[in-house]
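Welcome to a short set of worked exercises. Please open the viewer, keep the sequence at hand, and try each task before you read its solution.

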Amino acid sequence: MASGRGQKIVAINTQNKELIQEVTVGKRPWGIALTVDKHYLISANGPSNDIAIVNTRNFEIIKTIPVGKNPWGSHRAS
């Protein structure tokens, strides 16, 4: 799950609600997605203006990519 203002992505055991792993990805992670093979998680980090790619096997960031303002979709029509 994305922690928003906590700047982290966390993995939680849904059976007992215990924390499994966590990683700090950037300012206000909001939108997250898994790749089809579930080996990578992509996090859109709003005020950081980037996305982070996390290896789900060791919960380490393998790459951060700048993507412009508000990567989680908070764009206003002009």
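**Exercise 1. Pairing of S3 and S4**

How many bridges join S3 to S4, and do these strands run parallel or antiparallel?

*Solution.* A word on conventions comes before the steps. The model is predicted, so local features need pLDDT of at least 70 and side-chain atom pairs count only at pLDDT 80 or more, while totals for chains, interfaces and linings use all residues. Residues are numbered from 1 along each chain as its sequence is written, and side-chain values use heavy atoms, with hydrogens and water left out.

- Step 1: S3 and S4 are joined by five bridges and run antiparallel. Two strands pair if DSSP finds at least two bridges between them.
- Step 2: One pair to locate is Leu34 with its bridge partner in S4, Leu41.
- Step 3: Five residues lie between the strands of this hairpin, where Lys38 has a positive phi near 65°.
- Step 4: Gly31 sits in strand S3, residues 29-34. The C-alpha atom of Gly31 is 5.1 Å from that of Ala44, although 13 residues separate them along the chain.
- Step 5: With a relative accessible area of 30%, Gly31 is partly exposed (buried means under 20% relative accessible area, exposed over 50%, and partly exposed in between, using a 1.4 Å probe and protein chains only).

**Exercise 2. The chain as a whole**

Find the pattern of the chain along its sequence, then describe its burial, contacts and surface.

*Solution.*

- Step 1: There are six strands and zero helices. Both are DSSP runs numbered from the N terminus: helices are H or I with at least four residues, strands E with at least two.
- Step 2: Along the sequence this reads β-β-β-β-β-β.
- Step 3: Of the 78 residues in the chain, 26% are buried.
- Step 4: Take the contacts between residues at least 6 apart in sequence; 23% of them join residues at least 24 apart. Here a contact means heavy atoms within 4.5 Å.
- Step 5: The chain has an accessible surface of about 5400 Å², and carbon and sulfur atoms account for 51% of that surface. Areas come from the Shrake-Rupley method with a 1.4 Å probe; for residues, only the protein chains shown count as cover.

**Exercise 3. S1, S2 and a salt bridge**

Describe how S1 and S2 pair, then locate the salt bridge.

*Solution.*

- Step 1: The two strands pair in the antiparallel sense, over five bridges. Ala11 has Gln21 as its bridge partner in S2.
- Step 2: Six residues lie between the strands of this hairpin, and Lys17 takes a positive phi near 60° there.
- Step 3: A salt bridge is a side-chain nitrogen of Lys or Arg within 4 Å of a carboxyl oxygen of Asp or Glu. By this rule the count is one.
- Step 4: The partners are the side chains of Glu22 and Lys8, at 3.2 Å from N to O. This pair links distant parts of the chain, with Glu22 in strand S2 and Lys8 in strand S1, 14 residues apart.
- Step 5: Glu22 counts as partly exposed because its relative accessibility is 40%, and Lys8 does so at 26%.

**Exercise 4. From S4 to S5**

Which residue of the S4 and S5 hairpin takes a positive phi?

*Solution.*

- Step 1: S4 and S5 run antiparallel and are joined by six bridges. Tyr40 has Asn55 as its bridge partner in S5.
- Step 2: Four residues lie between these strands, and Asn49 takes a positive phi near 55°. Most residues other than glycine have a negative phi.
- Step 3: Asn49 is in the loop between strand S4 (40-45) and strand S5 (50-55). At a relative accessible area of 28%, Asn49 is partly exposed.
- Step 4: Now look at Asn45, which is in strand S4. Its relative accessible area is 0%, so Asn45 is buried.
- Step 5: The side chains of Asn45 and Ser43 are joined by a polar contact of 2.7 Å. A polar contact is a pair of N or O atoms within 3.5 Å; within protein, one must be able to donate a hydrogen and the other to accept it, and residues adjacent in sequence count only if both atoms are side-chain atoms.

**Exercise 5. Before the strands begin**

Is Gln7 buried or partly exposed?

*Solution.*

- Step 1: Gln7 lies in the segment before strand S1 (8-12).
- Step 2: Its relative accessible area is 32%, so Gln7 is partly exposed.
- Step 3: Gln7 is not a glycine, yet has a positive phi, near 65°.
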